[in-house]
Amino acid sequence: MSDEFSFLFAFYGLLLGLAVTEIVAGFSRAYDERAARPLGVMAPLFAVLLFLDLITFWVSAWEWRALNSVEFAHALGAAVVALLYYFAATQVFPKEGDVDTLTNHILQHRRPVVFCVIVSNMIALIPTLASALEARATAAELGAWMAANLIYYAALILAATARSHRVILATLVLLIAYVTGATLVMG
């Protein structure tokens, strides 16, 4: 592991840690206010999905450990990815004092949350794709990797745009299973 990686990872890890903290803090606020505003299922499922995706980003950063230099583009990419996740994390649960239900809140904020997740994932694909091409991954390997990502993005878009609560909930459960399963299989 290079000093360059350690330097950049400290910055990236700090920013990702802030996003994780915001998810936990939001859930804690929602739990504290459960007597006045029931937790429901939808906002916690979005929080779990975001949390799992953040963990995959943390683990994926390990692929960059051979980094030989820290350039502005590396730091900017890491910052944009992590800050998009932080913004998404701040949108999952209402702020203290908001009176809207958790379900109504996440339904109103799910599009920006999903947009941030998709953009972050697409930015993070750049170094992964570069590494795969450098390692001369086969067309079949690249195709499977691209298909897995497209399935994930399509399901995220469905969760962001579906009108039916049942479809949204089912999609979130499937996404959580998909992220967990894909990470365990490929990780």
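Q: Patches are made of residues with over 30% relative accessible area and no salt bridge, where like charges are joined within 9 Å and nonpolar side chains (Val, Leu, Ile, Met, Phe, Trp, Tyr) within 5 Å. Which residues form a nonpolar patch on the surface here?
A: Happy to start there: Leu14, Leu18, Leu83 and Tyr86 do, and together they have about 360 Å² of accessible area (Shrake-Rupley method, 1.4 Å probe, with only the protein chains shown as cover for residues). Helix H1 (3-32) and helix H3 (72-92) are the elements that give two or more residues to this patch (helices are DSSP runs of H or I, at least four residues, numbered from the N terminus). This is a predicted model, so local features need pLDDT of at least 70 and side-chain atom pairs count only at pLDDT 80 or more, while totals for chains, interfaces and linings use all residues. Residues are numbered from 1 along each chain as its sequence is written, and side-chain values use heavy atoms, leaving out hydrogens and water.

Q: Why is Leu83 of helix H3 given its exposure class?
A: Buried means under 20% relative accessible area, exposed means over 50%, and partly exposed is in between (1.4 Å probe, protein chains only). Leu83 has 45%, so it is partly exposed.

Q: And what makes Thr171 buried?
A: Its relative accessible area is 8%, so Thr171 falls in the buried class. Thr171 is found in helix H6, and its C-alpha is 6.0 Å from that of Ala159, a residue 12 positions away in sequence.

Q: How do you know that Glu22 forms a salt bridge with Arg29?
A: A salt bridge asks for a side-chain nitrogen of Lys or Arg within 4 Å of a carboxyl oxygen of Asp or Glu. The closest N and O atoms of Glu22 and Arg29 are 3.7 Å apart, so the pair qualifies. Glu22 has 15% relative accessibility, so it counts as buried.

Q: How many salt bridges does the structure hold?
A: Two. One of them joins the side chains of Arg37 and Glu33, at 2.1 Å from N to O. At 6% relative accessibility Arg37 counts as buried, whereas Glu33, at 22%, counts as partly exposed.

Q: What makes a space a cavity, and how many of 30 Å³ or more are there?
A: On a 1 Å grid over the protein atoms alone, a cavity is a set of points where a 1.4 Å probe fits but cannot get out, and lining residues have an atom within 4 Å of a point. The structure holds one cavity of 30 Å³ or more. The largest cavity has a volume of about 50 Å³ (the space filled by probe spheres set on points joined across faces, edges and corners). Its lining includes Phe46, Asp53 and Tyr152. H2 gives the most to this lining, with four residues.

Q: Which classes make up the lining of the largest cavity?
A: It has eight nonpolar, no polar and one charged residues. Here Ala, Val, Leu, Ile, Met, Phe, Trp, Tyr, Cys and Pro count as nonpolar, Asp, Glu, Lys and Arg as charged, and the others, Gly among them, as polar.

Q: What makes a pocket, and what lines the largest pocket?
A: A pocket is an open set with protein on both sides within 12 Å along at least five of seven lines. The largest pocket has a volume of about 940 Å³. Of its 31 lining residues, Ser60, Glu63, Thr128, Trp145 and Met186 lie nearest its centre. H5 gives the most to this lining, with seven residues, and the residues divide into 20 nonpolar, eight polar and three charged.
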